[in-house]
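This report concerns the nonpolar cores and internal cavities of a predicted model. The sequence and structure are shown below.

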Amino acid sequence: MQRRFLLISALAGSACLSASSVPLRADDGKSEGNGAVAAPPAPPEGVIFPATWLTLEAPDVRARRPFGPSAAFARYLLDRDAPPPKAGDEVVGERMQPVRWKEAVPKDGTAAIAYAEIVCDADYAMTAHLLGAAALWVNGEPFVGDVYAYGFAGVPVPLRKGANRVYVTGLHGKFDLELRPLAETERGVHPVAWDATRPDLLNGGAGVRVNTGVVVVNATDASVTADIDSADPYDGPSDEAPASRQVRLLPFGVTKVPCAQRPGTDDKGVASVSTVAAVNGAFGTVRLSLEQKGGSDARRVTRVSGIDGSVQEFSVLEPAPTLVATPTRVVLSLHGAGVDALGQARSYSHHPGTWIVAPTNRRPYGFDWQDWGRLDAYETLAASGLLGGEAPDRVYLTGHSMGGHGTWHLAANDPDRFLAIAPSAGWESFDSYGGPRPRSILDALWRGADGASDTLSLAGNLAPLPTFVLHGTKDDNVPLSQAETMLKALRDAGGKPDSHFQEGAGHWWDGEASPGADCVDWPGIFALFDRTEPQVPTSFDWTTVDPVIDATHHWVSVTQPNVYGRPIRIRAAWDAATSTATLATDNARWIQVACPAADVTKWRVVVDSASFEVKEGDAQLLFADGAWTEGGVRVRGHFKTPERSGPLKRAFDRRFALVLPTGGTEDETRETTARVRFDASVWWYRANGFADIVLDTEVLADAPRFAGRNLILYGNADTNAAWASVLGTNNERPVDVHRGSIRVGSRKWTGGNMACFFVRPRADDPDSVVGCLADTGARGCRVAMAHGLFSSGTGYPDYVAWDERALALGDGGVVAAGWFDGNWNLDGRGFLSFGGELVK
């Protein structure tokens with residue numbers, strides 16, 4: 001039996017809120033949708049709370065990988081009009097064992113996908129609150145769920161008259177779905193107070209402009225734009241008005257708007273700000289209260305992110321007061337999964353000369369301190385330097401649980417940034433903690449794009465670092481074996497880490513050893529920090545997985561490898577007696593060497609037996625035609641740099657914008673709009689982010705607005721008007737996508753069911769890149785929806801093209817994948833499947 005739920009209108013025979021004609025209030029900004037009805041119709045009564053569903057256990061292996069098969073998606077979600085399941089229907093996937101749909105309640109917690117049919121007597125717009133699952137699909141349209149149970153109030157969804165097919169995917173155990181009518185204040189376009197990002201005010205904060213992030217909801221069928229007072233990187237006293245920026249919300253979309261305001265007080269004298277007051281009056285306002293903190297209190301601080309222009313927060317605990325001058329240092333403390341950054345900072349006691357700085361990882365779960373979580377830590381570190389008046393060069397790294405893993409991860413991938421590290425209850429990697437990620441035929445490409453995840457392979461970077469490992473012997477969350485594995489790896493690599501295993505302690509524990517929580521504020525950790533001072537080594541052995549992750553180690557920098565997707569290793573030594581730097585390299589193509597001695601003006605570099613005399617400045621060396629030569633200027637044309645390179649995820653940086661095509665057919669436009677809305681909402685949910693949605697015509701018409709910014713293009717060369725402008729001519733595009741075809745070099749594949757992700761330098765901007773999430777048609781767009789980008793532990797190289805066979809075969813559906821070389825040309829080492837046709 002199919003599960004059907006009937007929603008009855010509030011007034012029999014009355015006009016009901018329509019998903020195709022939701023009214024906009026007069027102050028709702030500029031509408032780009034269809035006409036609206038004259039008066040708000042009556043909302044429905046009651047809440048839809050499906051208690052019983054049809055559920056299906058996973059027919060495929062669930063794991064972190066870019067192209068895992070998805071038999072359920074292929075059968076039920078690839079086509080919007082695919083027949084729904086019935087109890088007893090069988091699905092066979094990667095496991096090669098049939099699984100059957102069965103009736104179940106959400107609290108069973110064993111399903112991978114769930115289905116219910118909701119029958120309505122009219123069209124409605126409602127608020128969907130999905131708890132414990134990643135996505136809600138309503139009649140084929142995806143909407144973000146609250147998979148981590150943050151407690152958000154939900155997102156708007158349209159229900160149509162008649163039967164509505166509702167699927168829930170990305171389940172993490174038990175889930176609940178509640179569909180409730182829109183309250184009067186929720187109709188139209190409106191800001192909300194929940195999930196606001198806001199700072200605490202220090203000692204009243206009079207006259208200080210603050211940055212906030214506020215969620216704005218569009219519960220209409222129209223695309224709406226408005227100009228708002230945007231957040232500014234400057235946070236403090238200022239007489240200048242904040243700049244305005246245009247914000248677009250797609251139909252039934254959610255975004256988090258970065259704003260700037262001056263705090264005042266409400267009628268009860270509580271410090272607060274009125275925020276999202278748009279320049280043209282659109283969106284409305286919401287009032288946020290701000291907590292006032294003294295200098296000894298842990299407090300929240302906000303900053304503007306260079307990744308997406310969003311407002312992010314971090315928390316700080318100031319140094320303990322001292323009677324003597326004490327050098328300032330920063331202890332960067334990374335929280336565990338589900339932990340708030342302010343709670344992390346509050347777990348410490350005050351230490352002389354020490355700022356405790358706790359970033360957020362973008363969210364309490366975020367990105368496991370990888371990808372954008374790692375970048376969040378670095379952005380926070382840069383912002384924290386302003387608190388003490390200067391950027392500190394004495395930085396120490398610690399963290400607990402997921403933050404302990406983050407400590408290993410950040411330090412292994414940037415070992416010279418931190419003077420000492422102290423992981424507590426930390427796990428090593430996804431492969432050791434969550435179970436090994438499945439191997440596949442193109443595994444080397446995917447892992448090459450996510451090489452930073454391989455902590456053990458980078459143990460040599462960690463060995464020289466002063467390290468303190470803390471763990472409870474009875475930890476039932478992160479086993480003690482995780483700490484033991486890392487300690488052995490460091491010792492095998494020549495390291496001498498300190499450690500303490502607290503007998504009988506679990507995952508989070510406390511005692512009398514410190515005024516803070518012992519499992520993070522442990523005296524042995526701070527004793528190590530106290531005795532570790534900055535120094536420049538005369539020799540080292542350094543591995544970087546990619547210059548975009550780590551380009552400099554002490555006095556050696558690398559701009560390009562010989563082969564992308566493979567690590568670069570450099571062993572260096574300085575002989576002061578002969579003023580000679582000697583380097584042995586593996587997979588390095590373009591390097592720079594600075595003189596380690598400040599008082600030496602004439603010195604020599606010997607790299608892989610090639611000798612060069614340096615009279616002034618740094619040594620610029622290029623490996624070409626099998627030999628090292630002086631000068632990087634031999635790299636011709638547009639070349640890759642650590643700031644302008646792949647892999648694909650790096651395109652989501654530099655205040656990126658999602659570029660929506662306007663030249664598609666009705667079906668193409670429907671699918672692309674749904675996909676862009678979903679990507680933007682997932683970025684908001686997972687990254688606490690702001691995804692700036694713009695039209696392709698705006699990119700062409702307002703070039704200064706997009707100068708220096710990365711662009712994310714959707715569609716293809718036939719549907720996205722900005723394609724040629726930002727990617728260059730056909731001859732400049734080694735990968736190209738059109739309606740019905742994908743070309744990689746001289747090979748072309750045809751079909752409307754294909755997708756292609758790739759990253760290229762912007763042809764119209766010298767500093768930025770363009771990421772293309774392309775498809776060959778409406779069906780290809782839906783194929784791409786099965787493969788998400790915003791999760792850690794998965795990697796895409798510079799380009800990958802696939803068709804719908806990937807839903808059954810995983811890597812077997814990939815037709816091309818690989819890397820561009822240092823000059824952004826195809827490197828000749830990529831994967832090309834059999835098939836396709838040769839073209840000129």
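## Contacts of Leu658

Setting aside residues up to four places away in sequence, Leu658 is in contact with Phe652, Val676, Ala680, Ala691, Asp692, Ile693, Val694, Ile712 and Tyr714.

## Nonpolar cores

Leu658 and Trp802 have the most contacts inside the largest nonpolar core, a set of 131 residues. Strand β8 (residues 124-138) provides the largest share of this core, with ten residues. Another core, of 34 residues, lies apart from it; Phe314, Ala452, Ala483 and Val545 are among its members.

In soluble globular proteins, nonpolar side chains tend to be buried together.

## Largest cavity

Seven cavities of 30 Å³ or more are present in the structure. The largest holds about 270 Å³ of space. Its lining comprises 22 residues, and Asp371, Ala449, Ile549, Pro647 and Arg650 are the closest to its centre.

Helices α3 (372-384) and α6 (443-449) each contribute at least two residues to the lining of the largest cavity; the largest share, three residues, is that of α3. By class, this lining consists of ten nonpolar, six polar and six charged residues.

## Second largest cavity

The second largest cavity encloses about 80 Å³. Its lining is formed by Ala128, His129, Leu130, Val144, Gly145, Asp146, Phe152, Gly154, Val155, Trp684 and Tyr685. Seven of these lining residues are nonpolar, three are polar and one is charged.

Both β8 and α10 (666-687) supply at least two residues of the lining of the second largest cavity. Strand β8 accounts for the largest share of this lining, three residues, and also for the largest share of the 131-residue core.

Notes
Residues numbered from 1 in each chain as written. Predicted model: local features only at pLDDT ≥ 70, side-chain atom pairs only at ≥ 80, totals over all residues. Heavy atoms only, no water. Core = buried A, V, L, I, M, F, W, Y, C linked by side-chain atoms within 4.5 Å. Buried < 20%, exposed > 50% of the residue type's maximum accessible area, 1.4 Å probe, protein only. Helix = DSSP H or I, 4+ residues; strand = E, 2+ residues; numbered from the N terminus. Contact = heavy atoms within 4.5 Å. 1 Å grid on protein atoms, 1.4 Å probe; cavity = no way out; pocket = protein on both sides within 12 Å on 5 of 7 lines; lining within 4 Å. Points joined across faces, edges and corners; volume = space filled by probe spheres on them. Nonpolar A, V, L, I, M, F, W, Y, C, P; charged D, E, K, R; others polar.
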